[in-house]
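Let's take a friendly walk through a small set of strands and the core they help to build. Keep the picture open while you read.

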Amino acid sequence: MRISQETIQQIQNRIDILDVVGDFVSIKKKGQNYWACCPFHNEKTPSFSLNPAKGIFKCFGCGKGGD
């Protein structure tokens with residue numbers, strides 16, 4: 001079963017990306033973005049950036065990102 005784009009958009013509008021990611025890693029605000037150690041790979045210094053205004057994330061260590 002495929003989830004429709006409309007359903008995905010409704011979910012994204014209702015949740016806060018910081019709440020979701022914050023359940024898995026510790027997040028700290030720096031400027032307008034939030035930073036954390038990436039949940040997708042092991043690292044000692046934060047390279048995982050979250051922008052709650054845009055609802056996006058990007059890891060500058062492993063390259064994973066999205067909305």
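Here is a look at the strands, their pairing and the core. Keep in mind that this is a predicted model.

Start with strand β1, residues 28-30. K29 sits in this strand, and K29 counts as exposed because its relative accessible area is 52%, which is over the 50% cut-off. K29 and L50 are 21 residues apart in sequence, yet their C-alpha atoms are 9.2 Å apart in space.

Now for the pairing. Here are the two strand pairs side by side:

| Strand pair | Bridges | Direction |
|---|---|---|
| β1 and β2 | 3 bridges | antiparallel |
| β2 and β3 | 3 bridges | antiparallel |

K30 is found opposite N33 of β2, and W35 has S49 of β3 across from it. The hairpin of β1 and β2 leaves 2 residues between the strands, and G31 there has a positive phi near 70°.

Strand β2 (residues 33-36) has two faces worth checking out. Y34 and A36 point to one face and are buried, while N33 and W35 point to the other and are not. In a regular strand, side chains alternate between the two faces of the sheet.

So what makes up the largest nonpolar core? It has 10 residues: I17, L18, V21, V25, Y34, A36, C38, F48, L50 and C59. At least two of these residues come from each of α2 (17-22), β2 and β3, with α2 giving the largest share, 3 residues.

Leaving aside residues up to four places away in sequence, C38 touches E43, F48, C59 and C62.

How values were computed. Residues numbered from 1 in each chain as written. Predicted model: local features only at pLDDT ≥ 70, side-chain atom pairs only at ≥ 80, totals over all residues. Heavy atoms only, no water. Helix = DSSP H or I, 4+ residues; strand = E, 2+ residues; numbered from the N terminus. Buried < 20%, exposed > 50% of the residue type's maximum accessible area, 1.4 Å probe, protein only. Pairing = 2+ DSSP bridges. Core = buried A, V, L, I, M, F, W, Y, C linked by side-chain atoms within 4.5 Å. Contact = heavy atoms within 4.5 Å.
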